[in-house]
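Take a walk through this structure with the sequence at hand. Start with the charged pairs, then move on to helices, surface and loops.

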Amino acid sequence: MSSVNEDSPKSGSNLNLWTVTLPKCTETEKSETCKEDEHDVNYEKAVTLTGTGIFHLSIALVSGFTFLAAGLQTNLNAYILPSAQCDLSLTSEEMGLLNAAFLAGALTSSFLWGVLADMIGRRKVLVSGMLIDGLLSLFSSLSQRFYVLLIFRFFNGFIVGGPSALILAYMGEFFPERLRAKVICYVGVLWTLSWAIMPAIAWVVIPMQWSYSSDGFTYNSWRLLIAIVAVPSLLSSLMLFFYPESPRFLLSKGRQQEARDTLASIYSWNTGNSPDQYVVKSLCCEERKSDSCCQESESACQAISTLVQQGQGLFLMPTLKTTALTCSLFFTNMFGYYGLGLWLPELFNRFEQHYAMYPNISVSVCELSSHFEKAVSGQQTCDSRSVDSAVFTNSLIIGCFGLAGNFISGILSGRLHRRSMPAFLMFASGFCVLAIYFLHNSTQNLIVSALFQFFIGTAHLVINSLIVDMFPPSISGMGVCLTIFSGRLGAMLSNLVFGHLLDISCAVPILLVAAVSFGGGFLSLLIPKHPYSEDQQKIVTVKEAA
């Protein structure tokens with residue numbers, strides 16, 4: 001079999017990712033070989049025969065935009081808190097609740113979206129999820145009371161948790177296996193990019209000195225920022241509407257002809273040829289573990305039964321050790337990443353406000369918290385609590401450091417032992433948190449916070465890439481869901497602790513995050529040296545040798 005590129009004299013050794021490459025039958029090959037390609041073709045081969053071209057480029061861009069929109073929604077609270085604190089007279093505890101509400105929503109929907117996507121399809125969940133998320137954001141921008149905003153942020157987290165978890169899997173099912181992991185990694189960078197884009201948008205919007213007020217209703221810049229974040233969600237829903245359902249999902253539900261027609265359409269997008277010229281005329285069903293392949297859609301009861309069976313497998317030896325390790329790793333990582341990480345803009349704002357009033361008086365973070373509590377309970381007005389532009393520039397710098405961590409982790413992954421990177425990064429982030437306790441100005445805070453974001457964010461990516469191949473394939477999906485659930489639980493608890501204790505006993509939440517980060521470093525030393533599949537192969541080899 002040869003490809004278009006191999007036949008072309010213009011093709012070089014380094015093929016572009018998006019160049020159309022089509023395995024095809026040559027004139028010298030026997031017709032019997034071609035017939036094998038046309039009928040009862042397995043899914044991976046059928047996807048490869050569509051080539052890679054404009055369709056794959058477009059769905060990667062749309063998926064990346066959707067992932068970016070979900071990331072913006074996740075980071076939104078950090079940039080509305082300083083302004084909302086004044087406007088809604090929020091205490092630090094209520095600010096922590098606002099952060100925790102979004103994470104609690106994502107936590108409660110951790111398992112729901114995976115089951116729903118397997119029942120009704122990935123595309124329906126993505127399109128409806130991003131649409132509802134955008135509408136909820138628009139309505140939440142009208143909130144005039146803390147508890148109304150709190151409820152909306154909970155449901156935003158509940159809804160966007162589905163698309164953010166499913167979008168990469170949906171996109172990956174359209175790509176050939178040889179490109180799938182690479183493209184998912186490239187598109188995954190956009191999540192980290194959202195940490196840099198969000199402060200840039202807030203920098204433009206929040207400082208706007210305007211406000212509309214009428215009969216107790218107020219609409220100002222931080223509410224406008226919420227509405228602006230709704231736009232990417234609505235646009236991604238609209239764009240995803242024009243893309244097909246995953247052919248792999250259709251095939252798993254016994255809809256072979258629909259799956260084949262979808263692949264033929266992709267072939268047409270990529271090549272400009274008629275769908276009729278797609279060489280695959282029928283697909284063979286991929287066998288499933290428990291029953292015959294390509295049965296019709298499972299009922300809700302069957303889906304729940306499968307979910308329970310897979311869940312039980314996670315808590316039986318020897319998999320129980322892997323379950324405990326991955327859940328603990330994600331808990332410790334996200335306890336700091338989404339805990340302290342979401343409070344950094346607020347800490348920056350407190351420093352800037354302090355030095356605006358007392359330019360020659362240095363304070364530590366904990367002394368700053370004490371001054372802040374007195375200022376909020378005193379005569380300070382909303383005008384004097386306007387967010388300093390340095391908050392956004394500092395947050396933008398931190399986001400760029402996190403983005404740099406993405407690329408460095410990509411370069412070093414595969415060159416170091418599996419345990420080395422996460423262990424070093426988690427220990428380093430713990431030392432950064434300890435350093436924050438001793439800071440005395442915003443410049444020191446910026447340097448240490450940027451390093452913290454670099455280490456903890458890179459650790460998050462590295463641990464993410466390791467957990468999938470630590471579980472047996474038959475329960476890896478459920479294992480990843482449970483691991484993400486544990487991480488979100490850690491993030492939610494961290495925000496509750498920060499909000500409740502930051503102004504009462506500042507040392508406790510900071511030292512707690514440091515201790516948890518160090519714990520994550522020690523746990524990283526327990527990561528298996530080899531993926532699950534390699535360990536199993538070694539066991540088989542030893543048994544055969546014996």
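**Charged pairs, helices and loops**

At 22% relative accessibility, R248 is partly exposed, because that value falls between the 20% limit for buried and the 50% limit for exposed. Keep in mind that this model is predicted. R248 has a charged partner: its side chain meets that of E44 in a salt bridge, with N and O 2.6 Å apart. The pair links distant parts of the chain. R248 sits in helix 11, residues 247-252. E44 belongs to helix 3, residues 43-48. In sequence, the two are 204 residues apart.

How many salt bridges are there by this rule? The count comes to five. Two others are worth a visit here.

Go to D87 and R223. Their side chains meet in a salt bridge, 2.7 Å from N to O. D87 lies in helix 4 (residues 54-87) and R223 in helix 10, so this contact ties together parts 136 residues apart in sequence. Are the partners buried or exposed? D87 is partly exposed, at a relative accessible area of 28%. R223 is buried, at 1%. That value is under 20%, so R223 meets the cut-off for buried.

Next comes R122 with E173. This salt bridge has its closest N and O atoms 3.2 Å apart. Here too, distant parts of the chain are linked. R122 is in helix 7, while E173 is in the loop between helix 8 (146-172) and helix 9 (177-205). They are 51 residues apart. Both R122 and E173 are buried.

Now look at helix 7 as a whole. How does helix 7 lie against helix 10, residues 221-241? Their axes come within 8 Å and cross at roughly 160°. That makes helix 7 roughly antiparallel to helix 10, because the angle is over 145 degrees. The crossing of helix 7 with helix 10 is left-handed.

Stay with helix 7, which covers residues 122-140. L138 has its place there. L138 is partly exposed, with a relative accessible area of 34%. That is over 30%, so L138 passes the accessibility cut-off for a patch. Which residues form the nonpolar patch on the surface? They are L131, L135, L138, F139 and L142. Together they have about 420 Å² of accessible area.

I120 is the next stop. It is found in helix 6, residues 112-120. I120 is partly exposed, with a relative accessible area of 36%. Compare its place with that of F249. In sequence, I120 and F249 are 129 residues apart. In space, 9.3 Å separates them, C-alpha to C-alpha.

Finish with the backbone. Most residues other than glycine have a negative phi. Which residues have a positive phi without being glycine? S89 is one of them, with phi near 55°. S89 is placed in the loop between helix 4 and helix 5 (92-108). At 58% relative accessibility, S89 counts as exposed. D215 is another, with a phi of about 50°. D215 lies in the loop between strand 1 (211-214) and strand 2 (217-220). D215 is exposed as well, with a relative accessible area of 82%.

Technical notes. Residues numbered from 1 in each chain as written. Predicted model: local features only at pLDDT ≥ 70, side-chain atom pairs only at ≥ 80, totals over all residues. Heavy atoms only, no water. Patch = residues over 30% accessible without salt bridge, like charges linked within 9 Å, V, L, I, M, F, W, Y side chains within 5 Å. Areas by Shrake-Rupley, 256 points an atom, 1.4 Å probe, with all protein chains shown as cover. Salt bridge = Lys/Arg side-chain N within 4 Å of Asp/Glu carboxyl O. Helix = DSSP H or I, 4+ residues; strand = E, 2+ residues; numbered from the N terminus. Buried < 20%, exposed > 50% of the residue type's maximum accessible area, 1.4 Å probe, protein only. Axes fitted to C-alpha atoms, helices over the stretch in contact; angles between N-to-C directions. Parallel < 35°, antiparallel > 145°, perpendicular 65-115°, else oblique. Left-handed = near helix turned anticlockwise from the far one by under 90°.
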